Amino acid sequence: MRRAFGLPQVLLIILFIGGIVTVTMRYASLGAQHYADSYTREQAELFLQSATEATLLRIGGYNRSGGNCLAGLTVHSSDGKFDANVIIERYYLADGSSCNNVPSSPIQYSKSNGIISMRIIVTSANNNSKVLHPIRLERRSLQHP
């Protein structure tokens, strides 16, 4: 009689190899989701910076005559992945003007004229299939336009 594997041994080896492949594929899937989420988060952070700069440009060109100041801005990404809601919380002005629709504080140091306190909230769009998990970033900052 020749020595060889019997049918039960072959089935056990196939089940063992199948289990190893299943575990390996599960970890590979988790790794791919992690990298996709990290990439989307980095995109959201870059969009947050772009929304901040767009708001500063908009404030720089805004006509404050009459006491009205820019209170907020909504920015949408060109690919439809993210929306940014910029809320201007307070203006710090040294030129003697004030804002009627946004809180403002007079300051005495003229080199600090035009500092603003803003809150930027970036959320992922719900209808975009490229974003696997919802993202919400919030940042508060003092900016000098």
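User: What does "exposed" mean for a residue here, and what relative accessible area does Phe 16 have?
Analyst: Exposed means over 50% relative accessible area, and buried means under 20%. The model is a predicted one. Phe 16 lies in helix α1. Phe 16 counts as exposed because its relative accessible area is 58%.

User: Which nonpolar surface patch includes Phe 16, and what is its area?
Analyst: Phe 16 is one of the residues that make a nonpolar surface patch, among them Phe 5, Val 10, Ile 13 and Ile 14. Ile 17, Ile 20, Val 21 and Met 25 also belong to the patch. Its area is about 910 Å².

User: Is Leu 12 buried or exposed?
Analyst: Leu 12 has its place in helix α1, which covers residues 7-60. Its relative accessibility is 58%, and the limit for the exposed class is over 50%, so Leu 12 is exposed.

User: How many Å apart in space are Leu 12 and Ala 51?
Analyst: In sequence, Leu 12 and Ala 51 are 39 residues apart. From C-alpha to C-alpha, the distance between Leu 12 and Ala 51 in space is 58 Å.

User: Which residues have the most contacts inside the largest nonpolar core?
Analyst: The largest nonpolar core has 24 residues. At least two residues of this core come from each of α1, β1 (72-76), β2 and β4. The residues with the most contacts inside the core are Tyr 91 and Val 122.

User: Which residues is Tyr 91 in contact with, leaving aside its neighbours within four places in sequence?
Analyst: The contacts of Tyr 91 include Ile 59, Cys 69 and Leu 70. Cys 99, Val 102, Pro 103, Ser 104 and Ser 105 are also among them. The list is completed by Ile 115 and Ile 116.

User: How many bridges pair β4 with β5?
Analyst: Strand β4 is mostly covered, with seven of its ten residues buried. β4 pairs with β2 in the antiparallel sense over ten bridges, and Arg 90 stands opposite Ser 117 in β4. Thr 123 stands opposite Arg 136 in β5. The pairing of β4 and β5 is also antiparallel, and the number of its bridges is eight.

User: How many salt bridges does a search of the whole structure find?
Analyst: Side chains of opposite charge can pair when their charged atoms come close. One such pair is Arg 119 and Glu 89, with N to O at 3.6 Å. This pair links strand β4 (residues 115-124) to strand β2 (residues 82-93), 30 residues apart. The search of the whole structure finds five salt bridges.

User: Why does the salt bridge of Glu 89 and Arg 140 tie together distant parts of the sequence, and how many residues apart are they?
Analyst: The side chains of Glu 89 and Arg 140 meet in a salt bridge at 2.8 Å, N to O. Glu 89 lies in strand β2 and Arg 140 in strand β5 (residues 136-143), so the parts tied together are 51 residues apart in sequence.

User: Which residues are joined into one network by salt bridges that share partners?
Analyst: Glu 138 forms a salt bridge with Arg 136, the closest N and O atoms being 3.2 Å apart. Glu 138 is partly exposed at 38%, while Arg 136 is exposed at 54%. The network joined by shared partners is Glu 89, Arg 119, Arg 136, Glu 138 and Arg 140.

Notes:
Residues are numbered from 1 along each chain as its sequence is written. This is a predicted model: local features need pLDDT of at least 70, side-chain atom pairs count only at pLDDT 80 or more; totals for chains, interfaces and linings use all residues. Side-chain values use heavy atoms; hydrogens and water are left out. A salt bridge is a side-chain nitrogen of Lys or Arg within 4 Å of a carboxyl oxygen of Asp or Glu. Helices (H or I, at least four residues) and strands (E, at least two) are DSSP runs, numbered from the N terminus. Buried means under 20% relative accessible area, exposed over 50%, partly exposed in between (1.4 Å probe, protein chains only). Patches are made of residues with over 30% relative accessible area and no salt bridge: like charges are joined within 9 Å, nonpolar side chains (Val, Leu, Ile, Met, Phe, Trp, Tyr) within 5 Å. Accessible areas come from the Shrake-Rupley method with a 1.4 Å probe; for residues, only the protein chains shown count as cover. A nonpolar core is a set of buried Ala, Val, Leu, Ile, Met, Phe, Trp, Tyr and Cys residues joined through side-chain atoms within 4.5 Å. Contact means heavy atoms within 4.5 Å. Two strands pair if DSSP finds at least two bridges between them.
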